[in-house]
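Hi,

Here is the structure I promised to pass on to you. Please have a look at it first, and then read my notes underneath.

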Amino acid sequence: MLALQGATELHARALEQLGVAAPEVRTPTDLSGVDALVLPGGESTTISKLLVANGLVEPLAERLAAGMPALGTCAGMILLATTILDGRADQRSFGAIDVDVRRNAFGRQVDSFEADLAVLGIDGPPVHAVFIRAPVVERAGSGVEVLAAIDGRPVLCRQGAVVVASFHPELGADLRIHELFLSTVESTTPKG
Ligand code: GLN
């Protein structure tokens, strides 16, 4: 759990409910102790600055390039993208998933909204999703699976062991997005 800024606690709680420990990652040493990472919502420009300040940019880039599974939600999605549209010039992203995302893409007047999403691979009732100044995927590469979209705009994507969501799956009691991430991790991690 990347714990520099943002919505960390509820993510950790959701993962703990699913039987997975989610220790806080703030330093390169913390990072070397985890097998996978959640990059939470918050403010991607602030998280980007704190990654630099904490010496995490290089180690995190290396781990992601080596295939570490990651779940990025909202600001975390922006950090994992290939290209950030409407970002700040000094804002970092890691290119861990081949998508271009636009920050605050649903318009300034629509700061937040909720929607029921049909998600590929998740049965049962739709996933109730909370969007807060949310980014949207404007381009998804050919290797990217679009798992959910709103009006044709992707809001949940997966490539290999990297899952990104425009919304905040840690809000509310629905654990299915975290479950989807954990099953993605399981199916992409070689058994040793
Ligand atoms: N708009 C924020 C950003 O650009 C993301 C919002 C969020 O994570 N809820 O970083």
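Below are a few words on how to read the model, followed by the ligand site, a sheet and one loop.

This is a predicted model, in which local features need pLDDT of at least 70 and side-chain atom pairs count only at pLDDT 80 or more, while totals for chains, interfaces and linings use all residues. Residues are numbered from 1 along each chain as its sequence is written, and side-chain values use heavy atoms, with hydrogens and water left out.

I'll start with the ligand. The residues around it (a heavy atom within 4 Å) are G41, G42, E43, S44, C74, A75, I78, R103, N104, I132, R133 and H168. By class, this shell has four nonpolar, five polar and three charged residues; here Ala, Val, Leu, Ile, Met, Phe, Trp, Tyr, Cys and Pro count as nonpolar, Asp, Glu, Lys and Arg as charged, and the others, Gly among them, as polar. A polar backbone atom of S44 is 2.5 Å from an oxygen atom of the ligand. Two nitrogen distances also involve the backbone: an N or O atom of I132 lies 3.1 Å from a ligand nitrogen, and for R133 the value is 2.9 Å. Of the 300 Å² of accessible area that the ligand has on its own, the protein covers 96% (Shrake-Rupley method, 1.4 Å probe).

Next, the sheet. Five strands (DSSP E runs of at least two residues, numbered from the N terminus) form an open sheet in the order 1-2-10-9-8, with mixed pairing; two strands pair if DSSP finds at least two bridges between them. Strand 1 (37-39) and strand 8 (145-150) are the edges, each pairing on one side only. On average, neighbouring strands are turned by 15° against each other, direction ignored, using axes fitted to C-alpha atoms.

At one edge, strand 1 pairs with strand 2 (residues 70-73) in the parallel sense over three bridges, and L39 stands opposite G72. At the other, strand 8 and strand 9 (residues 153-159) are antiparallel over five bridges, with A149 opposite P154. Their hairpin has two residues between the strands, and D151 takes a positive phi near 50° there.

Finally, the loop between strand 3 (81-85) and strand 4 (97-102) holds D90. The D90 side chain makes a polar contact (N or O atoms within 3.5 Å, one able to donate a hydrogen and the other to accept it) with the side chain of R88, at 2.9 Å. The C-alpha atoms of D90 and T45 are separated by 8.3 Å, although these residues are 45 apart along the chain.

Best wishes

Terms used: Helices (H or I, at least four residues) and strands (E, at least two) are DSSP runs, numbered from the N terminus. Axes are lines fitted to C-alpha atoms, for helices over the stretch in contact, and angles run from 0 to 180 degrees between N-to-C directions.
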